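Here are a few exercises to work through with the model open beside you. Try each task before reading its solution.

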Amino acid sequence: MTTPDGFTEPTQWLIAVRDRRDRAAFARLFDHFGPRLKAMLLRGGLRDGSAEDVVQDVMLAVWHKAAQFDPHRAEASAWIYRIARNRQIDLVRRRPAVVLEELEEPPGNEPDAPQILALAQEARHLRAALDRLAPEQVQAIQKAYMEDMPHSEISRTTGLPLGTIKSRIRLGLERLRHELKDLKPE
Amino acid sequence: MSAISHHIPDHLIRAHAAGQLPHHFAVVVAAHLSMCDACRAQAEAEEMVGGALLDRLAPAALQDGARDRLLAALDSAPPPPPAPRRSGIFPAPVMQALDGQPPRWRMLGGGIRQQVLSADEDGSLRLLYIPPGRAVPEHGHNGLELTLVLQGAFSDSEGRFGVGDVELAEDDLDHQPVACPGAPCICLAATDAPLRFTAFLPRLLQPLFRI
Ligand SMILES: [Zn+2]
């Protein structure tokens with residue numbers, strides 16, 4: 001699934017889109033993520049027809065924003081997830097999601113192989129950690145990341161955005177984070 | 001810029017990455033992430049969870065021709081409008097909330113100014129301008145308040161807050177921020193409930209000022 005330089009296949013495709021406007025690579029990205037994005041949007045409550053349209057929107061944004069993709073900081077799946085989640089929130093709130101300032105890369109930056117490999121390794125550990133969770137834990141996390149939309153208020157007493165039913169999510173994610181923290185450099 | 005010492009707590013970064021924060025708080029968190037590499041890295045780590053979940057979703061079949069429709073649109077669809085950019089002390093998410101315009105301050109008395117960026121029944125987001133040595137009127141909260149310093153500094157019972165620092169004030173905190181000497185303190189504040197001022201404004205006037 002990963003190439004010798006540590007990139008997942010989708011990350012390689014996205015880099016080809018970014019650097020060469022490679023349409024064949026973009027078609028592969030679509031074949032991989034299109035049906036998954038649709039599944040995510042359906043979970044978020046969109047009807048089939050709208051989900052199709054939003055998949056098109058999200059993938060067009062991927063095409064247009066590819067120049068901002070930085071494989072030192074994200075894999076393709078995380079980067080595309082962010083675009084899709086923001087689009088999902090736009091639709092629910094009927095106002096544009098807040099976007100972060102774009103970071104300006106110093107020109108002529110060479111790829112930093114150790115950084116890319118470290119990120120790939122963390123991502124593998126994260127996926128392995130997800131595999132070890134109980135199915136209901138994974139479901140609760142999926143619900144938080146793909147379905148639940150912003151609440152009008154976050155818990156008044158603690159400021160915690162994750163309410164009682166969601167304490168499970170935090171535990172699951174905390175466990176994930178500890179998995180990541182325990183990484184030993186090879 | 002001096003080092004940032006008051007950061008966004010992990011649970012709010014996680015909520016932001018998962019798309020769970022209400023709009024007013026999302027602006028403050030995004031503004032801090034735009035100023036703070038440490039929190040931004042944490043947010044991006046959290047987004048890897050979203051990506052991993054996306055990857056493992058069971059695919060839902062797309063309509064016939066979806067891929068051709070997309071490829072045909074690559075050349076015809078207009079590119080998205082340029083992303084908001086930082087302007088002066090205001091990071092991109094604040095400029096987005098300002099619609100790209102400089103602030104239009106309203107006087108609150110005592111040299112204090114504010115601009116309400118958005119306000120509804122869910123709370124409010126505003127910019128505050130506090131001259132050095134002036135106190136922000138004492139107030140308590142009904143809920144959570146997040147305040148990010150964009151210029152100058154303030155201090156209160158919780159410590160000193162300089163550029164990039166975020167103060168998280170919960171329900172029970174009756175703090176009284178005072179702007180430090182030097183440049184006027186400009187900050188971005190989000191609440192999930194209307195503020196109730198204890199000394200400065202009669203409650204009846206609050207709707208007029210939208211605070
Ligand atoms: Zn920070």
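**Exercise 1: a pair between two helices**

In chain A, the side chains of Lys38(A) and Glu52(A) meet in a salt bridge at 2.7 Å, N to O. Task: find which helices hold Lys38(A) and Glu52(A), and how far apart in sequence the parts they tie together are.

Solution. Start with the rule: a salt bridge is a side-chain nitrogen of Lys or Arg within 4 Å of a carboxyl oxygen of Asp or Glu. Next, place the two residues: Lys38(A) lies in helix 2 of chain A and Glu52(A) in helix 3 of chain A, so the pair ties together parts that are 14 residues apart in sequence. Helices here are DSSP runs (H or I, at least four residues), numbered from the N terminus. Finally, set the pair in context: over all chains, the structure holds 18 salt bridges.

Before going on, note that this is a predicted model, in which local features need pLDDT of at least 70 and side-chain atom pairs count only at pLDDT 80 or more, while totals for chains, interfaces and linings use all residues. Residues are numbered from 1 along each chain as its sequence is written, chains are lettered from A in the order in which they are written, and side-chain values use heavy atoms, with hydrogens and water left out.

**Exercise 2: two domains of chain A**

Task: describe how domain 1 and domain 2 of chain A meet.

Solution. First, the bounds: an automatic or database domain assignment gives domain 1 as 9-94 and domain 2 as 113-179 of chain A. Their contact (heavy atoms within 4.5 Å) takes 14 residues from domain 1 and 15 residues from domain 2. Second, the area: the two domains bury about 1300 Å² between them, 56% of it on carbon and sulfur atoms. Buried area is the accessible area (1.4 Å probe) lost by two parts on being put together, summed over both. Third, the charges: two salt bridges are counted between the domains, and the side chains of Glu75(A) and Arg127(A) meet in a salt bridge of 3.1 Å, N to O. Last, the elements: on the side of domain 1 that touches domain 2, helix 2 (23-43) and helix 4 (76-93) of chain A each give two or more residues. Helix 4 of chain A has the largest share there, with six residues.

**Exercise 3: chain A against chain B**

Task: work out which helix of chain A gives the largest share of the side that touches chain B.

Solution. Begin with the extent: 78 residues of chain A are in contact with 70 residues of chain B. The area buried between these chains is about 6700 Å², with carbon and sulfur atoms giving 58%. Then look at charge: seven salt bridges cross the interface of chain A and chain B. Arg69(B) and Asp53(A) meet through their side chains in a salt bridge at 4.0 Å, N to O. Now sort by element: helices 2, 3 (48-65), 4, 5 (113-132), 6 (135-147) and 7 (167-181) of chain A each supply at least two residues to the side touching chain B. The largest share, 16 residues, comes from helix 2 of chain A.
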